Amino acid sequence: MNTSGRTDQSLKYLRLLSQQFPTQQAVFTEIINLQAILNLPKGTEHFMSDLHGEYEAFLRAERGGAAHRG
């Protein structure tokens, strides 16, 4: 793709974006919001395994953990 093709492609995307973000302020606000979302703490993940044949204890812990999920 030559430089003109890239420019045409860029203009196409900018036109589409301008429909959702019609002003400079709207663009700045969205960028700030997205950056804030990226900086939020990540959720906690728990990994469990059935070690040494303790299936009943594992199952109790798994069911107990599932009951606390929203």
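Here is a short chat about how to read this predicted model.

Q: Where do I start: how many helices and strands does the protein chain have?
A: Start with the secondary structure. Here you'll find 3 helices and 0 strands, so the pattern along the sequence is simply α-α-α.

Q: Which parts of the protein chain have the highest and lowest confidence?
A: Check pLDDT before you zoom in. Where it is low, the predicted coordinates shouldn't be read in detail. In this chain the mean is 81, with 83% of residues at 70 or more. Helix 2 comes out highest, at 95, while helix 3 (residues 55-67) is lowest, with a mean of 71.

Q: What share of the residues is buried?
A: Look at how much of each residue is covered. Of the 70 residues in this chain, buried ones make up just 6%. The accessible surface is about 6,800 Å², and carbon and sulfur atoms account for 58% of that.

Q: Which residues make a nonpolar surface patch?
A: Look for nonpolar side chains that sit together on the surface. Val-27, Phe-28, Ile-31 and Ile-32 form such a patch, about 340 Å² in area.

Q: Is Ile-32 buried or exposed, and why?
A: Compare its relative accessibility with the cut-off: exposed means over 50%. Ile-32, part of helix 2 (residues 24-38), has 54%, so it counts as exposed.

Definitions and conventions: Residues are numbered from 1 along each chain as its sequence is written. This is a predicted model: local features need pLDDT of at least 70, side-chain atom pairs count only at pLDDT 80 or more; totals for chains, interfaces and linings use all residues. Side-chain values use heavy atoms; hydrogens and water are left out. Helices (H or I, at least four residues) and strands (E, at least two) are DSSP runs, numbered from the N terminus. Buried means under 20% relative accessible area, exposed over 50%, partly exposed in between (1.4 Å probe, protein chains only). Accessible areas come from the Shrake-Rupley method with a 1.4 Å probe; for residues, only the protein chains shown count as cover. Patches are made of residues with over 30% relative accessible area and no salt bridge: like charges are joined within 9 Å, nonpolar side chains (Val, Leu, Ile, Met, Phe, Trp, Tyr) within 5 Å. A salt bridge is a side-chain nitrogen of Lys or Arg within 4 Å of a carboxyl oxygen of Asp or Glu. pLDDT is the predictor's confidence in each residue, from 0 to 100.
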